[in-house]
Each structure stands twice: as structure tokens, then as C-alpha cells.
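Let's take a walk through this one together, starting with the overall layout and then zooming in on a few spots. Keep the viewer open as you read.

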Amino acid sequence: MANDFPTIADFVSDALNLAPYELNEIRDAAPLVAALPAQMSSDGINHRYSVDVTRPVVGFRAQNEGRDFDHSTQRIDTVTLTILDFSWAVDKAVADAWRQGGSEAYIAREGLQHLKAAMFKLEQQYIYGTNADADGFDGLHDSANLDGLSDEMVLEAATAGTTVGGQTSVYFLRVSERECSMVMRGDGVQLGDTMVQNFYDGSNKNYPAYYTPASTWVAGQIGAKYSAARLCNIETALTDDDIYSVLALFPAGQGPNLIVMNKGSQELLRASRTATNQTGAPAPMVENVAGIRILTT
């Protein structure tokens, strides 16, 4: 993609006859990223963690009789961090013309927009993984525990959709630093000093621009088999029974603490409920099931 720098047209809010605030028509909120804890990588760009595979065999014994000792077994899982880059540059003359605080204010304004876009990109990557960006880290869609109907932690909606490309999924997550979380390198977000550099336009001609480098090494950790579950092929119906069927996949005492779905799925769930109030008003939007918070994204 070619460089796409802001222009004078982006200064619409700077006009004297407009209010000083700016509104938003972009659907780029990142509530899941805000809900996931972040931890530092255990080893640079390769984050490794231990997963219990088997418990030791124990048992009762009779008096004066022994028993064989045993031991637990573990495996080491690795999450590979990738670079999320949200560096930005603006034409120096354009930034210098900003009336609401000069170039520093405009550079900061553009930086905030890039940061919001980066958080949305991060959320897309955690859910869709390499289907969202092949250069990014593996996400829920890439998990070997969640990518097939035969997987233990995957169920199909009772009324499964059949339209090609028309289905969606709901994810059930055990959100914690040990299980479903974000992983960053120890130095966190790298925000460099803004500097004036020479840039080239589409005709390879020179002009000065304020350039600010910004990036971070990041990945998503999905934990182990019982850290996440998926309800898939949702298209025209989603019910409480569907959700409770997925909750039954989790071991006792180790259920999810967050249900992640889009607004369409949330509306299907609401529509499946029968209002029982005296006024006959429609059922309200569903914000939790079995006390587990629903997060829409």
C-alpha cells in the first residue's frame, strides 16, 4: 500500500466555524484488548510457558505396605511475538499550520489516531489470527484446539447456518495472565522521538515531514485446552441452550469468565428469549449468561 499521509483536508475540525471536538464514524473500538491482561514475554520474542499434561498417580496403601512413586508431566508451549508497527509521519508544512497548538499538538493528535488503529488491529489479530494479517501472531482462529468441529472445545450452534461465509462464532475465555492474555516484550511500546526527515512523494520528489517511530513486539496467549472454547456456525439463531452446552465442556470449577461475541450474535441471543414482564416489553439486551459477562466486539 502506498503512503497515505494526512492533508489539509484533514484539518476540517480546525476551521474557525466548527466546534473544537471531533466525532467518530469508525467502528474501531477494542474492548477485548482492554479486557485481556498483558504480561511480559519470558524470553524476548519467544514466550514459553509450562502446561500440565498429567498428574502423578497417588493412592491409598495398607499399613506397613508401600506403593510406587510417580511424577507429573508437563509440556512447554511457545508463543512467537511479532511486530505491531504504528509509526506515523506528517508533512512538516501541514503540521506547522495547525492552529490548535501548532505542530506538536497535531503530531500528538495523529499519534492518538494511530494508537487507536493499532489497538483495533491487535484485537482483530487476537480473534482472527493470521486470517486477519499473515504477518501477525496466531489468534483464536489458529488454535489447534478451536479450529475444527471435531475439537473437544468446539460445538456447533443447534441451528447452524449454511450460507457460505455467513456464519460467526462466540468464544468463551478464561481470562487471566496464566491463560488468555496478551504478551509483550519487556521493553513494551517503543515510541521514538519525533524528527524531521526527508520523504518522497509518488513522483519521487522530496519534501520534509515529521516522522515518529512507534512499534511493539506482541502476541496473544490462549493458554491450554481448557482455556478457551468456541461455539461456531451461528447465523440465524443463538440460544441460552447453545451457550450452556459450551459451558458444559469446561471442567468443574474451571469455567470461563468472559463470553466474546459480536453485536449480531448478541441480538440473536436477546431475540431468542421470551419477555415475561407485565408490560409486555421486548426482552432486554443480554449482558451475561450464568453470571458470565458478555463482551461485544
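Counting up the secondary structure, you get five helices and 16 strands in the chain. Keep in mind that this is a predicted model. The chain runs to 297 residues, and 36% of them count as buried. If you look at contacts with a sequence separation of 6 or more, 72% of them are between residues 24 or more positions apart.

Now find the open sheet of six strands. Reading across, the order is β6-β13-β7-β14-β16-β15, and the pairing is mixed. The edges are β6, residues 154-156, and β15, residues 288-289, each of which pairs on one side only. As a reminder, strands of a sheet pair through backbone hydrogen bonds, in either a parallel or an antiparallel sense.

Start at the β6 edge. Here β6 runs parallel to β13, residues 228-234, with three bridges between them. To get your bearings, pick out V154, which sits opposite R230 in β13.

Now hop over to the other end of the order. Strand β14 (residues 258-261) and strand β16 (residues 292-296) are a parallel pair, held over four bridges. I259 is a handy marker, with I294 as its bridge partner in β16. On to the other edge: β15 and β16 pair in the antiparallel sense over two bridges, and N288 has R293 as its bridge partner in β16. These two strands make a hairpin with two residues between them, and A290 in that turn has a positive phi of about 55 degrees.

With the sheet in mind, let's look at some individual residues. D242 is in helix α4, residues 240-247. Is D242 buried or exposed? With a relative accessible area of 6%, D242 is buried, because anything under 20% falls in that class. So what does the D242 side chain reach? It gets to the backbone nitrogen of A158, at 3.0 Å. Setting aside residues up to four places away in sequence, D242 touches A157, A158, L231 and A237. L231 falls within the β13 range of 228-234, so this helix residue touches the sheet strand we met above. There is also a long reach in sequence here: D242 and L155 are 87 residues apart along the chain, yet their C-alpha atoms are 8.5 Å apart in space.

Next comes R270, in helix α5 (residues 263-271). This arginine is buried as well, with a relative accessible area of 17%. Its side chain makes a polar contact of 2.9 Å with the side chain of E267. A polar atom of the R270 side chain also lies 2.9 Å from the backbone oxygen of A283. Beyond residues up to four places away in sequence, R270 touches a run of the chain made up of P282, A283, P284, M285 and V286.

Then swing round to S41, in the loop between β1 (38-40) and β2. Despite being in a loop, S41 counts as buried, at 13% relative accessibility. Its side chain has backbone partners in that part of the chain: the nitrogen of D43 at 3.2 Å, and the oxygen of G44, which lies 2.6 Å from a polar atom of the S41 side chain. Apart from neighbours within four places in sequence, S41 is in contact with N46, H47, L81, V183, M184 and R185. For L81, the sequence gap is 40 residues, while the C-alpha to C-alpha distance is 8.5 Å.

Finally, have a look at the empty space. Rolling a probe the size of a water molecule over the atoms shows where such space is left. The second largest pocket has a volume of about 660 Å³. It is lined by 21 residues, and the closest to its centre are V51, D52, E179, A224 and Q254. Which strand gives the largest share of that lining? Strand β2, residues 46-54, does, with seven residues. Sorted by class, the lining of this pocket has five nonpolar, eight polar and eight charged residues.

Note on methods. Residues numbered from 1 in each chain as written. Predicted model: local features only at pLDDT ≥ 70, side-chain atom pairs only at ≥ 80, totals over all residues. Heavy atoms only, no water. Pairing = 2+ DSSP bridges. 1 Å grid on protein atoms, 1.4 Å probe; cavity = no way out; pocket = protein on both sides within 12 Å on 5 of 7 lines; lining within 4 Å. Points joined across faces, edges and corners; volume = space filled by probe spheres on them. Nonpolar A, V, L, I, M, F, W, Y, C, P; charged D, E, K, R; others polar. Buried < 20%, exposed > 50% of the residue type's maximum accessible area, 1.4 Å probe, protein only. Polar contact = N/O pair within 3.5 Å; in protein donor to acceptor, adjacent residues only side chain to side chain. Contact = heavy atoms within 4.5 Å.
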